[in-house]
Every structure is written in structure tokens, then in C-alpha cells.
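Thanks for coming. Let me put the structure up, and then I'll talk you through it.

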Amino acid sequence: MTRYRQPTPRDWLRVIVSLSLFAKVVTAATLVLMFLFPSGHGYIWALALFLSLFLLVRWHAGYTAYRCMHCQYEFEITVAADLVSPHGPGRGRTWKYLKCPRCGRRSRATVLIRTDD
């Protein structure tokens, strides 16, 4: 059964480490691709960037869940929804602007962390 909990400082540290690792891998891949293909094969770099971005968003979508601010329903979203929906900080918690699958209202859903029990 999947359960959810509020994020802790340790969770935010994990996200920051993951993002910094992502940035380092993309930078290293860019340097390698520039060395291997100096004649300007930009599409190879773009493909590598989009693939790595997809993997990062897929990790995030599997790591998080959300709580509707209106009906308190807890739900998960797809990778595509995670990629395109706006998000931000606010009042001590992070949110993502989503449509609740239960009540159908759009709101700033609170970010939760998945815990698989």
C-alpha cells in the first residue's frame, strides 16, 4: 500500500543532491559530445538533454504525490503532468497547480512524499 507524508528537510536535501547530480551529468555529457562531434551536431546534444530531463521528471513523478487543498484527496500524477504543470513555494510548503481527480477543481495542490509500505 502506498502512503504519503509531508516532506522533511532530508527530503529536500535529496532533491537538491539529485538536481545537482543531474546538472553535473548534463554538463559532462555536453563536454563529451562537443569533443566527439566538434562539427556542430547539435541534435545529438539536444537528444541527450531531453532524455536526461525526461529521466529526472520521471524520478520526481514517482517520488512525489499531491493533496488537493479543497477536498484533501491525495493523488499521484503522470510524468507529462509533472513536466508541464507550474509549481512553486508558498507558506512553508511547496505546491503544484493541478486539477484534482476527485473533485475536479484546479488548485495549488500540496506536495507530499511517497512512502511505500
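I'll take a helix, a pocket, a core and one loop residue, in that order.

Keep in mind that this is a predicted model.

Start with helix H1, residues 9-36. Is the length right for a helix of 28 residues? At 1.5 Å a residue, H1 should span 40 Å, and its end C-alpha atoms are 40 Å apart, so the two agree. Which residues of H1 are buried? Asp11, Val15, Val26, Thr30 and Leu33.

Val15 takes us to the largest pocket, where it is among the residues nearest the centre. The others there are His60, Asp82, His87 and Lys96. The pocket holds about 410 Å³ of space. In total, 20 residues line it. By class, that is 12 nonpolar, 5 polar and 3 charged. Who supplies them? H1, H2, S2, H3, S5 and S6 each give at least two residues to the lining.

Next, the largest nonpolar core. It has 8 residues: Tyr66, Cys68, Phe75, Ile77, Leu98, Cys100, Ala109 and Val111. Look at Phe75. Beyond its neighbours within four places in sequence, Phe75 contacts core members including Tyr66, Cys68, Leu98, Cys100 and Ala109. Phe75 also touches Ala65, Arg67, Lys99 and Pro101.

Last, the loop between strands S2 (64-67) and S3 (74-75), where Gln72 is found. Most residues other than glycine have a negative phi. Gln72 has a positive one, near 65°. Is Gln72 buried or exposed? Neither: its relative accessibility is 46%, so Gln72 counts as partly exposed.

That's the tour. Over to you.

Notes:
Residues numbered from 1 in each chain as written. Predicted model: local features only at pLDDT ≥ 70, side-chain atom pairs only at ≥ 80, totals over all residues. Heavy atoms only, no water. Helix = DSSP H or I, 4+ residues; strand = E, 2+ residues; numbered from the N terminus. Expected span 1.5 Å × (residues − 1). Buried < 20%, exposed > 50% of the residue type's maximum accessible area, 1.4 Å probe, protein only. 1 Å grid on protein atoms, 1.4 Å probe; cavity = no way out; pocket = protein on both sides within 12 Å on 5 of 7 lines; lining within 4 Å. Points joined across faces, edges and corners; volume = space filled by probe spheres on them. Nonpolar A, V, L, I, M, F, W, Y, C, P; charged D, E, K, R; others polar. Core = buried A, V, L, I, M, F, W, Y, C linked by side-chain atoms within 4.5 Å. Contact = heavy atoms within 4.5 Å.
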